[in-house]
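Work through the exercises below with the model open in a viewer. Try each task before reading its solution.

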Amino acid sequence: MFNDHEEEIQAYLIKEGYSVSKFLRKDRNCYYFRVNNIGLGDHIVKVQNGFLGF
């Protein structure tokens with residue numbers, strides 16, 4: 001189940017224009033990823049699974 005959420009979030013981030021470098025950790029219902037974006041460079045994003053999705 002955990003891997004399913006991780007893969008769904010990675011697909012969502014790629015769709016939003018991010019290149020996912022690495023999964024960092026899961027904290028309750030939040031997932032942290034190191035991503036790369038052409039305009040913003042490397043940074044960490046926090047993704048929370050909520051009522052309407054990610």
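The exercises that follow go from the overall fold to single side chains, and the model is a predicted one.

**Exercise 1. The fold**

Task: State how many helices and strands the protein has, and give their pattern along the sequence.

Solution:
- Step 1. Count the elements: the protein has 1 helix and 3 strands.
- Step 2. Read them along the sequence, and the pattern is α-β-β-β.
- Step 3. Look at the contacts with a separation of 6 or more: residues 24 or more positions apart account for 19% of them.

**Exercise 2. Surface and burial**

Task: Find what share of the residues is buried, and what carbon and sulfur atoms supply to the exposed area.

Solution:
- Step 1. The protein has 54 residues, and buried residues make up 20% of them.
- Step 2. The exposed area is about 4000 Å².
- Step 3. Carbon and sulfur atoms supply 49% of that area.

**Exercise 3. The nonpolar core**

Task: List the residues of the largest nonpolar core and say which elements supply them.

Solution:
- Step 1. The largest core has 7 residues: Ile9, Leu13, Tyr31, Phe33, Val35, Val45 and Val47.
- Step 2. Assign them to elements: α1 (2-15), β2 (30-37) and β3 (41-48) each supply at least two.
- Step 3. β2 gives the most, with 3 residues.
- Step 4. Now take Phe33. At 0% relative accessibility, Phe33 counts as buried.
- Step 5. Check the neighbours of Phe33, leaving out residues up to four places away in sequence. Phe33 touches, among them, Ile9, Leu13, Val45 and Val47. Further contacts of Phe33 include Glu6, Lys22 and His43.

**Exercise 4. The β1-β2 hairpin**

Task: Describe how β1 and β2 pair, and find the residue with a positive phi in the turn.

Solution:
- Step 1. β1 covers residues 19-27. β1 and β2 run antiparallel and are joined by 7 bridges.
- Step 2. The two strands form a hairpin with 2 residues between them.
- Step 3. In the turn, Arg28 has a positive phi of about 60°.
- Step 4. Pick one bridge: Phe23 has Phe33 of β2 as its partner.
- Step 5. Inspect Arg25 and Tyr32. The charged end of Arg25 sits over the Tyr32 ring, 4.2 Å from the ring centre.

**Exercise 5. The aromatic cluster**

Task: Find the aromatic pairs and classify the geometry of each.

Solution:
- Step 1. Searching the whole structure gives 2 aromatic pairs.
- Step 2. Phe23 and Tyr31 form a tilted pair, at 6.5 Å centre to centre with 50° between the planes.
- Step 3. For Phe23 and Phe33, the ring centres are 5.2 Å apart and the planes stand at 65°, so this pair is edge-to-face. The cut-off for edge-to-face is over 60 degrees.
- Step 4. Phe23 lies in β1 and Phe33 in β2, so the Phe23-Phe33 pair ties together parts 10 residues apart in sequence.
- Step 5. Put the rings together: Phe23, Tyr31 and Phe33 form one aromatic cluster.
- Step 6. Compare accessibility. Tyr31 is buried at 4% relative accessibility, whereas Phe23 is partly exposed at 21%.

**Exercise 6. A loop residue**

Task: Locate Ile38 and decide whether it is buried or exposed.

Solution:
- Step 1. Ile38 is in the loop between β2 and β3.
- Step 2. The relative accessibility of Ile38 is 87%. The cut-off for exposed is over 50%, so Ile38 counts as exposed.
- Step 3. Take the C-alpha to C-alpha distance from Ile38 to Gly17: 8.7 Å. In sequence, Ile38 and Gly17 are 21 residues apart.

Technical notes: Residues numbered from 1 in each chain as written. Predicted model: local features only at pLDDT ≥ 70, side-chain atom pairs only at ≥ 80, totals over all residues. Heavy atoms only, no water. Helix = DSSP H or I, 4+ residues; strand = E, 2+ residues; numbered from the N terminus. Buried < 20%, exposed > 50% of the residue type's maximum accessible area, 1.4 Å probe, protein only. Contact = heavy atoms within 4.5 Å. Areas by Shrake-Rupley, 256 points an atom, 1.4 Å probe, with all protein chains shown as cover. Core = buried A, V, L, I, M, F, W, Y, C linked by side-chain atoms within 4.5 Å. Pairing = 2+ DSSP bridges. Phe/Tyr/Trp six-rings, centres within 6.5 Å; stacked < 30°, edge-to-face > 60°. Lys NZ or Arg CZ within 6 Å of the ring centre and 35° of its normal.
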